[in-house]
Amino acid sequence: MKIHEYQAKAIFARYGLPVPRGYLVLNVEGAAAAATRLAQETGSPVAVVKAQIHAGGRGKGGGVKVAKGGAAEVRDLAQKMLGMQLVTHQTGPGGQKVRRLYVEQGLDIGRELYLGAVIDRDRRRIAFMGSTEGGVEIEKVALEMPDKILTVHVDPTVGLAGYQSRELAFALGLGAKETLPKFVKLMAALYEVVTREDCSLCEINPLVVTRSGDVVALDAKINLDDNAEFRHPEWRELEDKDEEDPVELEAKAAGLNYVSLDGNVGCLVNGAGLAMATMDIIKHFGEKRGVAPANFLDVGGGASQEQVTKAFRMILRSPKVKAIFVNIFGGIMKCDIIANGIIAAAKELGLKVPLVVRLEGTNVELGRKILNESGLAIQAASNMADGAQKVVSAVAA
Amino acid sequence: MSVLAGKETRLLVQGITGSAGAFHAKQMIEYGTRIVAGVTPGRGGETFDGRVPVFDTVKQAVRASGANASCIFVPPPGAADAILEALDAGLELVVCITEGIPVTDMLKVRRVLEGLRGRARLIGPNCPGIITPATAAGGCKIGIMPGHIHRPGHVGVVSRSGTLTYEAVGQLTALGVGQSTCIGIGGDPVGGMDFVDVLELFQADADTHGVILIGEIGGGAEERAARFIKEHMTKPVAAFVAGTTAPEGKRMGHAGAIIAGGKGTAAEKIAALQGAGARIAPTPSDMAATLVEMMRG
C-alpha cells in the first residue's frame with residue numbers, strides 16, 4: 001500500500017525524525033492561508049508547493065514548485081497545480097489528477113543526500129542504503145555508480161547498531177561533530193518507523209543538510225506491507241481511493257487479486273502463478289495477432305460461488321474485453337462452484353463476447369455438465385494451450 | 001526414495017481445529033500421511049476426527065507423539081509465532097501454508113533458522129506444501145495440493161506457485177511420467193527453503209532423474225538457482241518463469257511477485273536459467289513435455 005508524502009512525514013514527525021513544517025491543503029484558499037501561516041511561524045516567506053500523488057518524479061513533471069513571493073504566489077501555483085494531470089515516469093502517459101497539495105516551509109539547503117530502507121529479499125534483512133547522490137533516482141545511481149551507494153544490513157535480533165549508523169554517516173560526509181549525533185538519532189528513528197509501522201519501503205530522497213547544520217527529510221516515501229494490515233487499523237485512514245484503479249479496489253473488497261492491463265482478453269484464473277502464466281500464454285499465441293491479456297485475476301484457492309460471480313462480472317463490464325478465458329486447475333477449488341459462478345454472472349449481464357473455458361480438477365465432470373447445459377455459447381478447451389489458442393482465434397477472427 | 005517427506009514422516013498439524021486445518025488434515029490422512037498429533041492452544045486433551053490427539057503446545061505434542069514434522073494452518077497474526085514454536089520444539093521439517101504473514105515477522109523467523117544451521121528446514125509460507133506421491137509403501141502429503149493428480153516416479157518439481165505446480169504435475173501425469181517429490185516453496189518475498197536448497201536435495205536424491213523448476217517475477221531466487229544449476233546440477237532441469245507480461249511495480253497476487261525498480265523481470269530470470277543449461281518451456285502448457293524431451297536426450 002502506498003501513502004502520500006504528507007502522511008509519511010506525519011509518521012516521521014511522530015517518531016521524532018526531522019521534517020520541514022507543512023500543511024495539507026485541498027483548495028487555493030487553503031494554500032494561501034498555509035503560506036501565510038508558515039511565514040509567521042518560520043519568519044521566511046519561502047514556501048514549496050508539492051502535488052500529492054502516489055508516484056515519484058513529481059518535480060520533473062511540474063508537481064513541485066518553490067514560491068518566494070509569499071501567499072499570493074503560492075495561491076497562483078496552487079491554482080495551476082490543483083486539478084492538473086501530473087505526468088511522471090511512474091504515472092503512465094495519462095498522468096494522475098492532483099487533488100491534494102502540501103505547502104511546506106522552504107529550507108536553506110546545503111547538501112542533498114539519499115537515504116532509503118528496503119527489505120533485501122536476497123539477504124533476508126532490512127537494508128539501509130545511503131548515497132551522496134541525493135535527488136536522483138536510486139535505481140539510476142545503482143546502475144551507473146554502484147560504488148556511490150553504501151548499504152548496511154540489520155540483524156533483526158540486534159536491531160540497528162550505532163556503528164552502522166556511523167558507517168553511513170561517514171560515507172555521506174556527515175561525520176562532523178555537529179551533524180554526526182543528529183544523523184545517528186535520525187537513523188534510530190527511521191529504523192523504528194520501518195519496523196514498527198511495517199514499511200516495505202521507506203525512502204528519503206533527498207535527505208538534506210541545511211546551512212545551519214540540521215539534517216532534515218525533505219521528501220518522504222513510504223510503502224506499507226499489505227500483509228501487516230491486520231495490526232494497523234489506522235491504515236484505513238491513510239488510504240486514498242482516488243489514487244487507485246476503481247476496478248482493483250472493487251476486487252480487493254471482494255477478496256480477489258486483480259490488476260488491470262492493456263489487452264483485450266479477460267482472464268479468470270485460480271492461483272497467482274497460474275494467472276500470470278495464463279497472461280503469458282495468451283501473449284505467446286496472440287502477440288502477432290493483436291491479442292493480449294486485459295487483466296490479471298486470481299480468484300484464489302478457495303473462492304466461493306459469489307466471488308466467482310463478482311470476478312466474472314468485473315470482466316464482463318470492461319469495454320475493452322473482446323473475449324474471455326477461464327482457466328481453472330481446481331485442486332481444492334471445486335469446478336462446479338466455478339461453473340455456477342460463471343453462469344450466474346453471464347445470465348445477469350448477458351454474455352456478448354466469446355467465452356473459452358478450461359476446467360481441470362475436483363468435480364470437473366459436474367462442472368463441465370453444468371456449463372454444457374447452461375445454454376451459453378462456451379468453447380471448451382482440453383488444456384491451457386488449447387484454450388489460449390481458441391481465445392486468440394476468437395478475438396483475431 | 002524421495003526428499004524430506006516420506007514414510008518416516010510423523011506429522012503434527014498446528015491449527016488442526018480451524019476450518020482449513022481440519023479440512024486439509026482429513027485430506028492428508030486420506031492420502032496416507034501419518035498425522036500423529038494436532039496443536040491448538042486451549043484445546044489440549046481433545047481428539048480430532050476421532051483419532052488424532054490435540055495438544056496445547058508443540059513441545060507437549062512432540063513429547064507424546066514423536067512427531068518430526070509440522071504443517072501450519074495458523075492465521076497470519078500468529079503464523080510466524082507458530083513457526084518459531086515448531087522450530088524450538090526441535091522439528092526437522094516445518095511446512096507453513098499460511099498466506100499473508102508480515103515480512104518483518106518472517107525476517108525474524110529467517111534469523112532463527114540461520115541460527116539452527118540446517119538442523120531444521122522451513123517450506124513456505126504461502127505455499128501448497130510438499131508431497132511424495134503414494135506408492136504401495138505409502139505416500140506422504142504435507143499441504144493442500146490435490147493428491148489425486150500425482151503419480152510416483154522420478155521427476156522432482158519445485159515451484160514458487162501453487163496452481164502452476166499442479167499444472168506441471170497434471171502435465172507429467174498425463175504423459176505417464178511420475179514424480180519423486182514436489183515442493184512448493186511459496187510466493188512470499190522472505191520465506192524458508194529456496195530453489196537452491198531444493199535443487200541440492202534433488203541432485204543428491206538417486207530417485208530423482210530430472211527436475212521442473214517454476215519461477216516467477218520478483219527477487220533473485222531464479223538467478224541463484226541458475227548459478228547452482230550451472231555449477232552443481234548434472235540432472236536435466238526444465239524451467240518456466242511466470243510473468244513475462246506482468247507490468248512493473250504491481251504485486252501480482254503473491255506478495256513476492258513484483259518487479260521493483262526494473263529488477264526481478266521474467267526476461268532476466270529466463271536468460272539466467274537458459275545460460276545455466278536449463279531448458280525453458282516455451283509456454284506453461286509445455287513444462288512436462290520440455291523436461292521429458294530433455295530426459296529422452
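Analyst: Before we start, a word on naming: helices (H or I, at least four residues) and strands (E, at least two) are DSSP runs, numbered from the N terminus. Residues are numbered from 1 along each chain as its sequence is written, while chains get letters from A and ligands get numbers from 1, in the order in which they are written. This is a predicted model, in which local features need pLDDT of at least 70 and side-chain atom pairs count only at pLDDT 80 or more, while totals for chains, interfaces and linings use all residues.

User: How do you know which element A:Pro206 belongs to?

Analyst: Strands are DSSP runs of E with at least two residues, and A:Pro206 falls in one of them, strand E10 (residues 199-210) of chain A. The peptide bond between A:Asn205 and A:Pro206 is cis, with omega at about 10°.

User: Where else is there a cis peptide bond, and what is its omega?

Analyst: Try B:Gly124 and B:Pro125, joined by a cis bond with omega of about 5°. B:Pro125 sits in the loop between E7 and strand E8 (129-135) of chain B. As background, most residues other than glycine have a negative phi, and most peptide bonds are trans.

User: What makes the phi of B:Asp49 worth a mention?

Analyst: Its sign: phi is near 55°, a positive value, and the residue isn't glycine. B:Asp49 lies in the loop between E3 and E4 of chain B.

User: What does the confidence look like in chain A?

Analyst: pLDDT is the predictor's confidence in each residue, from 0 to 100. Chain A has a mean of 92, and 99% of its residues reach 70 or more. Among its elements, helix H4 (residues 138-144) of chain A has the lowest mean, 80, and helix H1 (residues 5-14) of chain A has the highest, 98.

User: What makes residues of chain A and chain B count as in contact, and how many do so on each side?

Analyst: The test is that their C-beta atoms, placed from the backbone, lie within 7 Å. By that test, 47 residues of chain A are in contact with 46 residues of chain B. H8(A) provides the largest share of chain A's side, eleven residues. That side divides into 20 nonpolar, 14 polar and 13 charged residues. The classes work like this: Ala, Val, Leu, Ile, Met, Phe, Trp, Tyr, Cys and Pro are nonpolar, Asp, Glu, Lys and Arg are charged, and the others, Gly among them, are polar.

User: How do you know where the domains of chain B begin and end?

Analyst: Domain bounds come from an automatic or database domain assignment. For chain B it gives domain 1 (11-123) and domain 2 (145-296). Their centres, taken over C-alpha atoms, are 26 Å apart. Ten residues of domain 1 of chain B and nine residues of domain 2 of chain B take part in the contact. On the domain 1 side, H4(B) gives the most, with five residues. By class, that side has eight nonpolar, no polar and two charged residues.

User: And what does the assignment give for chain A?

Analyst: Domain 1 (1-19 + 108-244), domain 2 (21-106) and domain 3 (245-396). The centres of domain 2 and domain 3 of chain A, over C-alpha atoms, lie 43 Å apart.

User: Why is chain B called as compact as a globular protein of its length?

Analyst: Chain B has nine helices and 14 strands. Its radius of gyration is 18 Å, close to the 19 Å that the globule rule gives for 297 residues, so chain B is as compact as a globular protein of that length. The radius is taken over C-alpha atoms, and the rule is 2.2 Å times the number of residues to the power 0.38.

User: Why are E3 and E7 of chain B called edge strands?

Analyst: Two strands pair if DSSP finds at least two bridges between them. The open sheet of seven strands runs E3-E4-E2-E1-E5-E6-E7 (chain B), with mixed pairing. Strand E3 (47-48) and E7 of chain B each pair on one side only, which means they are its edges. Strand E6 (residues 93-96) of chain B pairs with E7(B) in the parallel sense over three bridges, and B:Val95 stands opposite B:Ile123 in E7(B).

User: Which strands are the edges of the sheet with order E9-E8-E11-E10-E12-E13-E14 in chain B?

Analyst: That open sheet of seven strands also has mixed pairing. Strand E9 (138-143) and strand E14 (279-280) of chain B are its edges, each pairing on one side only. Strand E13 (residues 237-242) of chain B and E14(B) pair in the parallel sense over two bridges, and B:Ala238 has B:Arg279 as its bridge partner in E14(B).

Definitions and conventions. Contact = placed C-beta atoms within 7 Å.
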